[in-house]
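Reader: I'd like to learn how to read a helix and its surroundings in a model like this one. Can you walk me through it?

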Amino acid sequence: MSTNATQTLDTRGMNCPLPILHTKKALAKLTQGETLAVTATDPGSLKDMQAFCKQTGHELVSSNANQGEFEFLIRKS
């Protein structure tokens with residue numbers, strides 16, 4: 001997934017709210033339409049990323065769970 005992203009962000013080992021805070025900071029550096037691939041291990045990140053994108057207007061292009069790791073692809077609005 002990250003091969004198509006403009007930027008990648010590794011938040012593995014971080015607990016709420018750190019994955020969201022780091023995602024917000026990384027998205028601020030991107031321009032509209034660019035994508036950010038985020039990897040997390042916090043199980044709460046599934047709901048958190050969905051809520052974050054809904055509140056901020058960014059597009060959650062995809063989210064995947066695989067053996068305790070969660071991958072998100074977010075397009076900046």
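Author: Let's start with the outward side: the face of α1 turned away from its buried side carries the exposed residues K24, K25 and A28. Buried means under 20% relative accessible area, exposed over 50%, and partly exposed in between (1.4 Å probe, protein chains only). Helices (H or I, at least four residues) and strands (E, at least two) are DSSP runs, numbered from the N terminus. Keep in mind that this is a predicted model: local features need pLDDT of at least 70, side-chain atom pairs count only at pLDDT 80 or more, and totals for chains, interfaces and linings use all residues. Residues are numbered from 1 along each chain as its sequence is written, and side-chain values use heavy atoms, with hydrogens and water left out.

Reader: Which residues of α1 are buried?

Author: The general idea is that an α-helix has 3.6 residues a turn, so residues three or four places apart point the same way. Here, α1 spans residues 18-28, and P19, I20, T23, A26 and L27 are buried in it. They sit on the same side of α1 because they cover an arc of only 130° around the axis (taken from the directions from the helix axis to the C-beta atoms).

Reader: What do the buried residues of α1 pack against?

Author: Their partners are β1 (7-11), β2 (35-40), α2 (45-56) and β4 (69-75); contact means heavy atoms within 4.5 Å.

Reader: And at what angle do α1 and α2 cross?

Author: Axes are lines fitted to C-alpha atoms, for helices over the stretch in contact, and angles run from 0 to 180 degrees between N-to-C directions. The axes of α1 and α2 cross at roughly 40° and come within 10 Å. That makes α1 oblique to α2 (under 35 degrees is roughly parallel, over 145 roughly antiparallel, 65 to 115 roughly perpendicular, the rest oblique).

Reader: Which residues meet there?

Author: From α1 you have P19, I20, T23, K24 and L27, and from α2 D48, M49 and F52.

Reader: Is D48 buried or exposed?

Author: Neither: at 26% relative accessibility, D48 counts as partly exposed. Leaving out residues up to four places away in sequence, D48 touches C16 and I20.

Reader: What about unusual backbone geometry?

Author: Most residues other than glycine have a negative phi, and most peptide bonds are trans. In this model, a cis peptide bond joins C16 and P17, with omega about 10°. P17 lies in the loop between β1 and α1. Then there's Q67, a non-glycine residue with a positive phi, near 50°. Q67 lies in the loop between β3 (59-66) and β4, and at 79% relative accessibility Q67 counts as exposed.
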